[in-house]
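Let's take a friendly walk through this fold, strand by strand. Have the structure open as you read.

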Amino acid sequence: MAFLSGFVKSGLSFLGKDSSAFPYTLGDKVESFEGLSVWALHQGTKKEDGSQVSIFVFDCTKNKDRIPLAKNGFKRMRTMRHPDMLRYLDGIENEQVIMFVTDPVEPLSSQIDQKPDTHLILWGLYKVANAIKFINSDCSMVHGSVRTSSLFINKAGEWKLGGFELLCSMKDESPMSLTFGGLLPDAKRYATPEIRKSGWTSIKDLPTSTVDSYHLGCLIYEVYNSSFTTLEQLTRDGNIPATMVDAYRALLKPVATRSDATLFLEAGLHHGGFLSHDFVKTNLFLENISIKDQSEKEGFFRQLDSQIDTFPSNFSKYKILPELLKAFEFGSGGAKALSAILKIGDLLQGKEYQDIIVGPITRMFTSPDRAIRVSLLDNMPAFVDHLTNKTVSTLIFPHVATGFTDTVPFIREQTVKAVLLLVPKLTDKIINYELLKYMAKLQMDTEPGIRTNTTICLGKIAKYLEPSTRKKVLAPAFTRSLRDGFHHARVAALMALTATAEYYDAQDCSARIVPCVSLLLVDKEKPVRVQAFKTIQGFITRLHDFANAMPDTAIVVSPSIPGEANPTTTTTTAAATAMTMTMTGVLGGATKGLAGWAVSSIGARFSSPSGEIEAPAASPSISNSAIQRAPLQSPASMPTPKLQFNIEEVEEVKEDLGGWGDPEIAEEFDGGWEPMETADTEPLFPIPSMSRTNSELEPAAASFHRAGNSMQLGSKKSSLAIEAETEDFFSSLPSSVQKNTMASPQSSVQKDTIASPQSLDRKNELERRREERRQRMAELRDKKKSGIGAKKI
């Protein structure tokens, strides 16, 4: 090996080049080919990309008598081009060495003993016969050495003809076959009867196909029966298929009646002939698919799916698959070829799949042909795992996204289904922005099936969304689908809500989801009702568990300092008492017990029950005895525990609902709910101390009683009359009472304003916000009356 490498380097130096200029690296020698040819076969690699090649090397210093054969073979290799022959890639020739490079191959002689597949033998014999036909008929030349040592097998198992050492034309001045035919290894064993009898010069006047036809017959015998040593062995058929026996014998007949490669092919391809086989027919169709009719192509691809499993795996990977890819990518095969391509692709390893299949498939997503797009989307589960995240995000999704807006509904629906397979490989930006925009539009599609599948798709991709996006999108999207007129879409929305229940907080469940789902409990369609009960039960259970984990109250009781009054507690207790009186007065006697129980429960949260139950101070009829028994007390004289409210801040969150929100509803309720406010720490109007006797108050009480009756519903008195009666009421009071009653509010307000400006600021802010809310509500009512704000159903 080292000695041979030295010859190669010296040969390159003789050409005036450095050895590094030769773009191939010489590898190991194929020992099984030793002695079968004038060439030594080596494995090799291309320096540029490391791809495998085969290198044929001839040592001129050791085999000087065979240099003409090597030079002729090198010359013919560079000039002869045919699909069934070895493909010349590169070569060098000098006085020390001759080399040429071909595709990676192995000698056929090393494969015969391993019982090759019968499909490959039939196809190989066809390829050899076709190459001989090209040489004899089209080129009017003689090969002269068709034998196992001149045939090679590529990665697919396909046979390639080589060994061009004797290839020549009988019209040449000195035909190579006539002069050097006997110098080849085993020349005597493969000699035809004419050569054995009269030598190589006897073939000059014979038909050009005479020698090669006889050698083809010898090759058939060796392929099926191993090697032969005598001509008598060739007369026995052995393991040759019965359908091929006649054609085989015709190749070994005397010159006058001897068949040729053309007749051999015709006999084999004839209906019922030995080459009339599915494997051979498939390969012949693929090689000529560009000239076939569309109907023939469709029929061929339908049969190929069922037949391809019976073909040799290597042949399918390296022969049929490249042909299918060419047909698929360049329009000959169309979308029908993709299924067979992916079926063969399962035989490839990771890197091979990337190199052979991913590239053409990625490029075909740019095709405007809808049939190809549908075929790619349908078969995406077979190849999506082999795609990288970068390939999907940058090369495939931009073209797939055009299907969301396609005018053909079937394309839109298939795109929605296929996007589930692409989402795990997409970037967060594409998922949370671009994809959701398409989903929002498709949820309003005119086709009910597309709306349903969009809801299902959104539910399945929810786990890939960002938490903030999920909060904005999921609940509005699914609650919208709950109102869909297609009952399958409603069922899908219910199931999607159940599947994504973990992404909703308690507030969303109670305020947004449960109310919407409850409407479907009495849906007209039974499947909707059944699913609605299942869904709402799940959410109710979650809410129940959440509620059980909540504290009993949000009020935090802080310890009070003995002897110190808490104005906040005093005011809160007063507010609770006022609320109790108001509820009792409004609901009336029929609901007095219920209202009293409910309001007393509220009051219990603000203060501990102490003292005696007092009559409502604001009752329309006040008796003298009640006033005497329950004299009014000032706030400062009422000892109460110190209470403190722990009220959470309420923030207004304006959500971008991404196409699923209802802007009208959002505008209607934006700012419509005021946050809870703590009670004022001081009363606005201090209660005066009234120490007058009952006799002094009786006239005033009677007057106030009359004024109260005059303000009942149905009263026709004007506001001036009411004011007059009110003035009469105050004028009937003693002067000291009038003074306290009329003067105290102003002085109290002034005092409160000076002492507590924060209270007035809070009041002004609340009043301003109420006025803004009233204006917005008025504008909305005007819009609804004019039809602008009507909702789309």
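The notes below cover the strands, a helix beside them and the cysteines.

## A predicted model

Please keep in mind that this is a predicted model.

## Strands β1, β2 and β3

Let's begin with β1, which spans residues 24-29, and β2, which spans residues 40-46. These strands run antiparallel and are joined by four bridges. One pair to look for is Tyr24 with its bridge partner Lys46 in β2.

On to β3, residues 52-59, which runs antiparallel to β2 and is joined to it by six bridges. Here Thr45 has Gln52 of β3 as its bridge partner. Five residues lie between the strands of this β2 and β3 hairpin, and Gly50 takes a positive phi near 75° there.

## The open sheet

A three-stranded open sheet follows the order β6-β7-β8, with antiparallel pairing. Because β6 (106-107) and β8 (159-161) are at the edges with a single partner strand each, one side of each has no neighbour in the sheet. Strands of a sheet pair through backbone hydrogen bonds.

Three bridges link β7 (residues 151-153) to β8 in the antiparallel sense, and Phe152 stands opposite Lys160 in β8. Lying across β7 and β8 is helix α4 (residues 118-138), which runs at about 20° to β8.

## Cysteines

How many disulfides does a search of the whole structure find? The search finds zero. As for the surroundings of two cysteines, Cys168 is buried, at a relative accessible area of 1%, while Cys139 counts as partly exposed because its relative accessibility is 25%.

Terms used
Residues numbered from 1 in each chain as written. Predicted model: local features only at pLDDT ≥ 70, side-chain atom pairs only at ≥ 80, totals over all residues. Heavy atoms only, no water. Disulfide = S-S within 2.5 Å. Buried < 20%, exposed > 50% of the residue type's maximum accessible area, 1.4 Å probe, protein only. Pairing = 2+ DSSP bridges. Helix = DSSP H or I, 4+ residues; strand = E, 2+ residues; numbered from the N terminus. Contact = heavy atoms within 4.5 Å. Axes fitted to C-alpha atoms, helices over the stretch in contact; angles between N-to-C directions.
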